[in-house]
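Hi everyone, thanks for making time for this. I'd like to walk you through one model today, so please have a look at the sequence and the structure as they come up.

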Amino acid sequence: MDCKVQMAGRRTTGSQMTTIATDTVTLTPKGAATRQRIIESASAEIREFGVTATLDDIRARARASKSQLFHYFPDGREQLLLAVARYEADRVLADQQPQLGDLSSWDAWLAWRDTVVARYREQGQQCPLSALVTQLGRMTPGAQSVVAELMYQWQGQIAAGIARMQAAGEISGQLDARRTAAAILAGIQGGVVMLMSTGDLTPLEAALDLGIEHLRARR
């Protein structure tokens with residue numbers, strides 16, 4: 001699985017200040033910044049040392065007190081790991097921008113292909129998101145929500161790119177954009193799993209190349 005449930009989500013604007021609502025508490029902008037610093041510190045700690053990183057390690061890196069940690073994550077380690085999993089899933093898509101959001105020419109598709117390969121080449125065999133989801137339990141609602149949302153958004157952006165090419169007459173309008181996007185994404189995921197298992201990028205490159213070749217053949 002790839003190497004995103006909505007803890008910092010709803011925003012409400014009042015006459016005095018903007019507050020950010022989480023699952024358990026409403027935060028001021030300063031509080032939201034502190035919470036985000038803890039999440040990013042936890043992400044860095046896990047990327048460096050794996051999911052065995054302790055709350056004390058994360059707290060030290062974030063320069064946060066124990067009371068701050070449990071104020072923002074009152075349910076403890078599992079709640080924090082879930083927030084980090086969302087953060088890591090968001091990074092998967094952010095690292096592919098702006099190419100993924102502008103698949104409007106064949107040059108753009110090839111640039112996106114190179115961006116994906118470069119991302120996973122840099123990541124290597126360690127996948128923080130996969131490790132986090134495994135630690136949380138793949139079948140738990142929170143972990144499933146993270147993965148499902150990531151795949152839904154990723155597939156949607158690929159499908160939007162196919163639709164743009166169809167509108168430009170570069171791809172047959174008879175092609176099912178969302179189904180084809182699902183197949184391309186499945187190929188990417190398979191390539192990532194093989195990279196994690198063997199350290200070889202070739203399957204990921206082949207999945208992307210053949211997916212794009214299939215689209216170009218359907219003019």
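Let me start at a single serine. Ser-41 touches Ile-58, Arg-61 and Ala-62, leaving aside residues up to four places away in sequence. Before I go further, please keep in mind that this is a predicted model. Ser-41 itself sits in helix 1, which covers residues 29-49. Is Ser-41 buried or exposed? Its relative accessible area is 9%, and with the cut-off for buried at under 20%, Ser-41 counts as buried.

Now let me step back for the overall layout. The chain has nine helices and three strands. If you trace the elements from the N terminus, the order is β-β-β-α-α-α-α-α-α-α-α-α. Of the 219 residues in the chain, 45% are buried.

Staying with buried residues, have a look at Leu-81 in helix 4, residues 77-94. Leu-81 has a relative accessible area of 4%, so it is buried too. Which residues does Leu-81 touch, again not counting those up to four places away in sequence? They are Ile-46, Leu-132, Gln-135 and Leu-136. Leu-132 is worth a second look: Leu-81 and Leu-132 are 51 residues apart in sequence, yet their C-alpha atoms are 6.7 Å apart in space.

Next, the part I enjoyed, the aromatic residues. Searching the whole structure turns up one aromatic pair. The partners are Trp-109 and Trp-112, with ring centres 5.8 Å apart and planes at 85°, so the pair is edge-to-face. For the reasoning there, planes over 60 degrees apart count as edge-to-face. Where are these two tryptophans? Both are in helix 5, residues 106-123, and they are three residues apart, about one turn of the helix. Both are buried as well.

Further along the chain there is another ring to look at. Arg-119 lies over the face of Tyr-120, and the distance to the ring centre is 4.9 Å.

That brings me to the packing of helix 5 against helix 7, residues 141-167. The axes of helix 5 and helix 7 come within 11 Å and cross at roughly 160°. That makes the two helices roughly antiparallel, because angles over 145 degrees count that way. The crossing of helix 5 and helix 7 is left-handed. Who meets whom across it? From helix 5 we have Trp-106, Trp-109, Trp-112 and Tyr-120, and they meet Trp-154, Ile-158, Gly-161, Ile-162 and Met-165 in helix 7. So both partners of the aromatic pair and the tyrosine under Arg-119 appear in that contact list.

Finally, two backbone details for those of you who like to check geometry. Which peptide bond is cis? The one from Gln-97 to Pro-98, with omega near 5°. Pro-98 is placed in the loop between helix 4 and helix 5.

The other detail is Arg-63, where phi is near 55°, a positive value in a residue other than glycine. Arg-63 is in the loop between helix 2, residues 55-62, and helix 3, residues 66-72. With a relative accessible area of 65%, Arg-63 is exposed, whereas Ser-41, where we began, is buried.

That's my tour. Thanks for listening, and I'm happy to go back to any view.

Note on methods: Residues are numbered from 1 along each chain as its sequence is written. This is a predicted model: local features need pLDDT of at least 70, side-chain atom pairs count only at pLDDT 80 or more; totals for chains, interfaces and linings use all residues. Side-chain values use heavy atoms; hydrogens and water are left out. Rings of Phe, Tyr and Trp (its six-membered ring) pair if their centres lie within 6.5 Å; planes under 30 degrees apart count as stacked, over 60 as edge-to-face and the rest as tilted. Helices (H or I, at least four residues) and strands (E, at least two) are DSSP runs, numbered from the N terminus. Buried means under 20% relative accessible area, exposed over 50%, partly exposed in between (1.4 Å probe, protein chains only). A charge sits over a ring if NZ of Lys or CZ of Arg is within 6 Å of the ring centre and within 35 degrees of the ring normal. Axes are lines fitted to C-alpha atoms, for helices over the stretch in contact, and angles run from 0 to 180 degrees between N-to-C directions. Angles under 35 degrees count as roughly parallel, over 145 as roughly antiparallel, 65 to 115 as roughly perpendicular and the rest as oblique. A crossing is left-handed if the near helix is turned anticlockwise from the far one by less than a right angle, and right-handed if clockwise. Contact means heavy atoms within 4.5 Å.
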